[in-house]
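Please open the model in your viewer and display it as a cartoon. The tour below proceeds by selections, each followed by a short account of what is found there.

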Amino acid sequence: MWEGLGLQVFLMCLGAVLYSAVAASAPLEHSHRRRLSLHRHRERTGKEGQVLHRSKRGWVWNQFFVIEEYTGPDPVLVGRLHSDVDAGDGNCKYILSGEGAGTIFVIDDKTGNIHATKTLDREEQAQYTLTAQAVDRATNKPLEPPSEFIVKVQDINDNPPEFLHGPYYARVPEMSNVGTSVMQVTATDADDPTYGNSARLVYSILQGQPYFSVEPQTGIIRTALPNMDREARQEYDVVIQAKDMGGHMGGLSGTTEVKITLTDVNDNPPKFPQSVYSMSVSEDKVSGEEVGRLKAKDPDLGENGLVSYRFIEGDGMTVFEITTDTDTREGVIKLRKPVDFETKRAYTLRVEASNTHVDPRFIAWGPYKDTATVKVMVEDADEPPAFLATSYSFEVEENAHDGTVVGRVHAKDTDVANNPVRYMIPRYTDVEQFFSVGPEDGIIKTTRPLDRETLPWHNISVSATEIGGHHQDTKVRVNIKVKDMNDNAPEFATQNEILVCENASPGKLIETVSAVDKDEMAHRQYFHFSIAPEAVNNHNFSLKDNRDSTASIYVTRRGFSRMTQDVYFLPIEINDNGNPPMSSTNTLTIRVCSCDSKDTILSCNVEPYILPAGLSTGALIAILACIVILLAIVVLFVALRRQKKEPLIVFEEEDIRENIITYDDEGGGEEDTEAFDIATLQNPDGANGFLPRKDIKPELQYPMSTSLFLRKMDSTKTETVFFHKSREKSPLSAQSHQ
């Protein structure tokens with residue numbers, strides 16, 4: 001790149017020298033210049049009516065160019081300005097203004113030559129707009145109107161191509177066909193694309209062959225090698241170059257890296273590492289327990305590497321099952337049902353592993369599956385005894401005597417040792433201990449008579465334990481049904497009273513009764529009803545057996561009266577016709593009630609007919625209330641009489657009044673004690689010389705309102721009440737009053 005840049009600078013300098021020589025030796029009026037004649041004549045009338053002619057102006061110039069990045073020792077001659085009014089006597093002065101005037105571009109005010117004093121960069125600014133004007137040197141008056149012109153910076157190839165978005169990352173499926181597009185890379189060149197070949201780019205691949213290629217004009221990267229396998233190599237580092245000048249020598253270039261990753265496709269079938277697998281399982285394992293694992297390897301990723309397993313043949317297909325562990329992609333063989341060492345000691349299975357998802361593009365590369373043989377050996381284990389049946393059901397007669405044989409269970413040791421077995425009934429299954437079992441023969445017997453009506457079924461367990469070995473045991477369910485025996489007499493289904501109207505006519509049906517029996521009823525067995533022998537000759541009611549385990553009760557006379565008899569008892573005998581037959585006598589209670597003409601019961605209570613002979617409850621309450629009122633009047637009269645008596649203590653000569661003197665002063669402590677006689681306050685009668693007798697209890701002669709003379713006393717103020725005679729003030733009261 002630097003060699004190309006040096007050659008380019010050399011050519012640029014050579015062009016600048018030639019251009020300067022030509023510009024200095026040839027007047028600008030010649031072939032490479034263009035005369036811009038502005039022969040515009042505008043006529044206008046002055047104040048005096050004379051016609052004014054605008055003077056002709058003629059600028060002689062070309063469109064100016066300057067080569068960028070010029071680094072010569074002298075300023076570059078851009079061009080020369082010349083006006084027609086310039087007679088060459090030095091009176092015409094050229095002035096330059098605009099972009100870069102005075103800093104980048106300077107003008108010789110005598111000759112009009114314009115030079116560039118600095119190196120220009122087209123990529124920073126492609127052109128400059130300047131204004132030129134010719135003025136009188138002495139007066140600085142314009143000789144021509146100002147005119148604009150443009151100085152364009154001519155491009156040279158000084159910028160290499162750049163990849164602005166690199167490095168790049170791309171993905172392409174493995175096994176892709178040759179020419180499959182991977183991605184497109186694009187470089188940019190800051191040089192002028194409209195001038196020369198400075199920005200004409202060509203792409204090439206520097207690293208990544210022979211796997212990939214790039215289109216020179218578009219930068220599209222494509223696969224160049226068929227059957228690239230991800231399992232062999234997954235990532236490729238590719239270097240792409242972009243070169244300007246159409247890729248010719250002397251052009252500048254730039255590079256970028258592209259990391260290409262091959263994505264996975266399902267192009268590999270699963271494969272078992274070995275053809276035969278050996279496993280073992282103990283005969284004491286239960287269904288669902290794991291026997292072993294095997295795995296078919298598939299180098300593909302994701303769903304392309306998913307493998308499913310199944311049995312395709314073998315003598316253990318009903319004994320074992322295989323599932324797939326989605327995390328480890330292993331085939332897990334489990335027990336479908338228990339195995340028995342004594343019955344079968346080995347199984348052979350054929351396992352197939354296949355891909356779950358198959359790519360149709362690579363179906364011809366199949367088959368995408370593999371097979372292996374699995375041999376499972378059954379290991380002997382010390383097993384508990386096994387009963388010949390999974391459960392037992394027996395029947396026993398109700399009320400059978402103790403020791404009656406119910407049935408027999410049988411178990412044996414399935415191991416090679418064939419140890420003897422001992423039987424027992426776990427107590428938690430027969431809490432009441434209704435049964436026992438022979439420890440050696442397994443015969444179940446009753447220990448007491450059984451009552452079907454109390455418990456019709458007994459569900460117990462019998463355990464069998466091998467003698468010797470590890471004393472393992474097993475249990476079996478035994479269901480014992482108690483067969484019914486006719487040992488319960490029938491009885492009424494309900495014990496409700498039967499109601500009959502006083503005006504019931506003979507032959508009227510008053511009730512249909514039924515019976516129940518705790519025993520089981522045989523087919524076509526029914527209850528038989530009859531009136532007990534002791535009541536057969538009654539003239540009040542009759543019974544009819546309906547032969548369907550019910551009986552109808554009828555009235556045989558009229559004229560029932562509650563006054564005479566309100567309740568009748570009819571004994572009925574019920575027979576169950578069983579074997580042996582059982583019967584019972586049940587008493588039917590019939591109550592006589594008062595009814596209207598439509599046989600609607602009005603009342604069955606006998607109380608209204610009894611009360612007229614005596615007093616009702618209301619009358620008794622009224623009498624008691626009168627007695628209480630009379631007693632209250634007597635007590636009030638006695639109390640009034642006692643109030644009229646003279647009091648126990650009377651002062652005939654003195655008129656006793658209550659004189660209440662109060663004061664509202666704060667307590668003074670000892671001053672109050674010294675000012676008043678406490679004894680007098682506590683006993684005002686003693687102050688007058690009267691001491692009441694303590695051996696006589698005075699009677700209560702005054703209302704409570706006149707005997708109260710105490711007042712409230714608190715910690716800071718004292719309200720004192722005094723009693724004194726009206727004729728003579730006590731010293732204490734006078735002192736207190738003061």
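**First stop: strand β10 and its partners**

Select strand β6, residues 76-80, together with β10: the two run antiparallel and are joined by four bridges. Within this pair, L77 stands opposite H115 of β10. Please note that the model is a predicted one.

Now keep β10, residues 113-116, and show its side chains. Which residues form its covered face, and which its uncovered one? I114 and A116 belong to the covered face, whereas N113 and H115 belong to the uncovered one.

Next, add strand β9, residues 105-107, which pairs with β10 in the antiparallel sense over three bridges. Here F105 stands opposite A116 of β10. Strands β9 and β10 form a hairpin, with five residues between them. Select G112 in the turn of this hairpin; its phi is positive, about 85°.

**Second stop: an open sheet**

Select β5, β12, β11 and β8, which form an open sheet of four strands in that order, with mixed pairing. The edge strands are β5 (64-67) and β8 (92-98), each of which pairs on one side only. From one strand to the next, the twist averages 30°.

Then restrict the view to β8 and β11, the latter covering residues 127-136; seven bridges join these antiparallel strands. To locate one bridge, select G98 and its partner in β11, L130.

**Third stop: the nonpolar cores**

In soluble globular proteins, nonpolar side chains tend to be buried together. Select F272, L294, F320, I333 and V374: in the largest nonpolar core, of 25 residues, these touch the most other members. Several strands each supply at least two residues of this core, including β20 (276-282), β23 (320-325) and β26 (369-379).

Centre the view on I333. What does I333 touch, leaving aside residues up to four places away in sequence? Among its contacts are M279, V291, L294, F311, F320, I322 and V374, as well as E290 and E321.

Apart from this core lies another, of 24 residues. Select V500, V513, F529 and I553, which are among its members.

**Last stop: the whole protein**

Return to the full view, in which the protein has six helices and 46 strands. Of its 738 residues, 34% count as buried. The accessible surface comes to about 45,100 Å², and 53% of it belongs to carbon and sulfur atoms. Among contacts with a separation of 6 or more, 67% are between residues 24 or more positions apart.

Key:
Residues numbered from 1 in each chain as written. Predicted model: local features only at pLDDT ≥ 70, side-chain atom pairs only at ≥ 80, totals over all residues. Heavy atoms only, no water. Buried < 20%, exposed > 50% of the residue type's maximum accessible area, 1.4 Å probe, protein only. Pairing = 2+ DSSP bridges. Core = buried A, V, L, I, M, F, W, Y, C linked by side-chain atoms within 4.5 Å. Contact = heavy atoms within 4.5 Å. Areas by Shrake-Rupley, 256 points an atom, 1.4 Å probe, with all protein chains shown as cover. Axes fitted to C-alpha atoms, helices over the stretch in contact; angles between N-to-C directions.
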